Every structure is written in C-alpha cells, then in structure tokens.
Amino acid sequence: MSVESIRRFCLSFPHATENLQWGDDLCFKVGGKIFALLSLSSVPPRLMFKCTPEEFAEYKWVSLERLDVLPWTEVKDLIEQSYQMVSAKARIAKPNLAKPLATARRKAKACCTKTR
C-alpha cells in the first residue's frame, strides 16, 4: 500500500475531492467534510480516518502510524466505512434536474411547432 494507492482509492468515491491543508496534510473530503487524511510530512506517512466506536473502542478518528500496520483490504474497508459515515451527514449538491427538463421541453416544442 502506498500514498498513491490510498489517494486513488479515496478519489474513487462519488463526490470525493482532495486538497492540501495545514501544510502537508492531504485531505480527502465529501461535501466539504474530511473522511480521510494523509500526513505527508511524517515519515512514514500517517493515515487518519473516521471510525465507529464499535470498531475502535470510543475513538471517533484513528491514526495509523505506518501504512503497513494493517492489510490493504482492511484499510480499504475502514476508509470506505469512514466515507459512508461522513457522506451520510455531508451536504452534497444534487444535480439540478429542472434545467435538462426545461431544455427538453423547449426542443420538443420547437420540433413539434407547425410552420406556416
């Protein structure tokens, strides 16, 4: 598991974005809320993500001091769980369906209008 593989995985979720914050922390967000964070300034890089209290006692966020501390499949499951928890509460912009509908009506009206 590498920084790049974690980055690709985090960005594979719908509406996921990334940005560099607080110096060298690569934040992965959904709806403006962080669901995973890679600290690039630490050696080795650290990975942080949100978790359920059942998963890790009473903690809401967990920090892995090394990327190889857990198997990649388990890390992916934990990141996905973090994404699900955060995206459920995040405000994600829904596509505006009124514009395509109005455009379709205009096109339908234009093609069906009789010419004199």
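## Exercises: one helix, one sheet

On the other side of helix α2 from its buried residues, T73, D77 and A88 are exposed (over 50% relative accessible area; buried is under 20%, partly exposed in between, with a 1.4 Å probe and protein chains only). This is a predicted model, where local features need pLDDT of at least 70, side-chain atom pairs count only at pLDDT 80 or more, and totals for chains, interfaces and linings use all residues. Residues are numbered from 1 along each chain as its sequence is written, and side-chain values use heavy atoms, leaving out hydrogens and water.

**Exercise 1.** Work out which residues of α2 are buried, and why they sit on the same side.

*Solution.* Start with the list: V75, L78, I79, S82, Y83, V86 and S87 are buried. They cover an arc of only 160 degrees around the axis (taken from the directions from the helix axis to the C-beta atoms), so they end up on the same side of α2. Now look at the cover: it includes α1, β2, β3, β4 and β5 (contact means heavy atoms within 4.5 Å).

**Exercise 2.** Lay out the sheet and find its edges.

*Solution.* First, the order: five strands run β1-β2-β3-β4-β5 in an open sheet with antiparallel pairing (strands are DSSP E runs of at least two residues, helices H or I runs of at least four, numbered from the N terminus; a pair needs at least two DSSP bridges). Next, the edges: β1 (16-21) and β5 (61-64) each have a single partner strand, so one side of each lacks a neighbour in the sheet. Finally, zoom in on β1: six antiparallel bridges join β1 to β2 (residues 25-30), and A16 stands opposite V30 in β2.
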